[in-house]
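Please look at the sequence and the model displayed below. This report describes some of their features in order.

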Amino acid sequence: MTLLVTGGAGFIGSNFVLDWFAAPATQGEPVVTLDALTYAGNPENLAALQGDARHTLVQGDICDRALVDQLLARHRPRAIVHFAAESHVDRSIHGPGAFMRTNVEGTFTLLEAARAYWSALEADAKAAFRFHHVSTDEVYGSLGPGDAAFTETHPYEPNSPYSASKAASDHLVRAWHHTYGLPVLTTNCSNNYGPYHFPEKLIPLMIVNALAGKPLPVYGDGQQVRDWLYVGDHCSAIRAVLAGGRLGEVYNIGGWNEKPNLEIVHTVCALLDELAPAAERGVVSSTSGQAVQRYAELITHVKDRPGHDRRYAIDARKIERELGWRPAETFDTGIRKTVQWYLAHGDWVARVQSGAYRDWVATNYAQR
Ligand code: NAD
Ligand code: TYD
């Protein structure tokens with residue numbers, strides 16, 4: 001038995017692959033990771049598996065049908081877990097094309113390859129096969145302050161090119177189940193945080209900027225609300241759905257942790273004040289040239305994101321009721337682990353902040 005994991009060198013995918021081999025219930029089942037290794041994919045995330053015969057990393061594009069066909073024929077997986085995507089809302093605003101290609105065309109290509117492979121399987125293998133599509137709560141759009149959290153039947157109202165591309169991919173997955181009977185599972189999860197999170201996203205960006213004495217750019221008033229889930233909890237939820245989810249069903253995954261962005265940034269600053277005091281590290285503000293006493297001094301409100309969704313909230317009762325899953329981490333335990341991980345992995349951060357990363361920072365923040 002084998003899993004084919006797309007996007008397994010990215011943030012959540014690499015956590016999933018590492019956790020897969022660490023989780024006793026998965027019994028070391030082999031994994032083939034297919035990843036294009038874009039700016040967001042980093043083989044170093046999977047370095048712990050180097051030389052481990054249970055893991056194979058293939059650099060390739062999910063839009064490459066011939067390659068996907070070849071991998072399915074060679075490895076005969078009993079499931080595909082599909083993480084590969086362009087995932088950053090701000091990048092989707094500056095360049096939506098890559099999102100349509102990977103998220104829509106790439107998912108279509110995978111579905112077609114999976115359908116051809118699955119159709120030809122023997123009855124037992126056919127019945128056991130799963131296509132697990134990993135998606136986001138952003139497909140549901142934006143909530144008002146008093147609105148009920150997103151359930152699995154909430155209407156789709158995507159507002160960014162990213163969420164529109166993910167919504168399109170969710171619809172394709174649904175249609176391949178209803179039309180062709182492909183045994184699919186879809187999970188829609190809230191904002192993840194944790195190790196190996198690329199420092200273009202809110203939490204890792206705030207950690208690395210603070211340690212470098214750079215401004216902490218809060219979009220608009222910082223009162224936009226997100227639900228935050230520790231990445232290890234997302235991985236355990238996917239394992240639970242893969243093992244016991246009902247075919248064709250959607251499961252929302254969330255952390256029961258709604259927080260405004262500004263509160264998140266203050267929490268990160270307070271943890272850094274405790275674990276890596278600015279005065280002891282000699283942190284100097286890159287804008288004023290003054291010594292930083294408290295990291296929160298670096299918070300800077302900047303121009304808001306166009307079409308910025310005001311609030312996301314997940315109602316995760318279905319996955320708890322049907323599969324007994326609940327997050328293991330609270331926000332306090334998860335964010336502390338995350339800040340500690342970044343403090344211990346300055347070399348990883350330095351390596352991912354390549355020339356291409358600097359170009360992105362200039363593109364997104366210069367005009368704000
Ligand atoms: P990420 O950007 O960190 O990683 C994406 C990975 O996909 C990278 O390794 C990249 O190299 C790979 N990839 C991109 N285009 C590819 C292509 N054409 N072919 C093969 N590989 C390709 O993203 P992430 O944050 O780990 O998100 C993983 C999945 O989870 C995405 O589908 C995303 O929509 C979903 N999701 C993310 C969050 C979150 O908070 N990050 C929340 C809910 C759902
Ligand atoms: P992000 O991590 O990009 O995730 P998403 O947009 O998918 O929710 O952003 C999380 C929130 O933080 C979102 O409301 C935008 C906000 N944000 C900032 O205020 N400043 C920043 O520099 C970034 C990257 C995000």
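The following paragraphs treat the bound ligand, one helix and two single residues.

This is a predicted model, in which local features need pLDDT of at least 70 and side-chain atom pairs count only at pLDDT 80 or more, while totals for chains, interfaces and linings use all residues. Residues are numbered from 1 along each chain as its sequence is written, chains are lettered from A and ligands numbered from 1 in the order in which they are written, and side-chain values use heavy atoms, with hydrogens and water left out.

**The ligand**

Around ligand 1 there are 28 residues, of which I12, D35, S87, Y162 and K166 come nearest; a residue counts as near if one of its heavy atoms lies within 4 Å of the molecule. The table lists polar contacts, where a polar contact with the ligand is a pair of N or O atoms within 3.5 Å.

| Residue and atom | Partner | Distance |
|---|---|---|
| D61, polar side-chain atom | nitrogen atom of ligand 1 | 2.9 Å |
| I62, polar backbone atom | nitrogen atom of ligand 1 | 3.0 Å |
| T102, polar side-chain atom | nitrogen atom of ligand 1 | 3.0 Å |

On its own, ligand 1 has 840 Å² of accessible area, and the protein covers 96% of this area; such areas come from the Shrake-Rupley method with a 1.4 Å probe. Helix 1 (11–22), strand 5 (130–136), helix 6 (161–180) and strand 7 (191–193) each give two or more residues to the shell around ligand 1. Helices (H or I, at least four residues) and strands (E, at least two) are DSSP runs, numbered from the N terminus. Strand 5 supplies the largest share of this shell, 3 residues.

**Helix 7**

Helix 7 spans residues 202–211 and is mostly covered, with 8 of its 10 residues buried. Buried means under 20% relative accessible area, exposed over 50%, and partly exposed in between (1.4 Å probe, protein chains only). The buried residues of helix 7 are I203, P204, L205, M206, I207, V208, N209 and A210. Just after helix 7, G213 has a positive phi of about 70°.

**Two buried residues**

Is N188 buried or exposed? N188 counts as buried because its relative accessibility is 0%. N188 belongs to strand 6 (residues 184–189). Beyond its neighbours within four places in sequence, N188 is in contact (heavy atoms within 4.5 Å) with residues including S135, Y156, D170 and I314.

R91 lies in helix 3 (residues 89–94). At 17% relative accessibility, R91 also counts as buried. Not counting residues up to four places away in sequence, R91 touches Y39, F99, F198, E200 and W360.

Definitions and conventions
A polar contact is a pair of N or O atoms within 3.5 Å; within protein, one must be able to donate a hydrogen and the other to accept it, and residues adjacent in sequence count only if both atoms are side-chain atoms.
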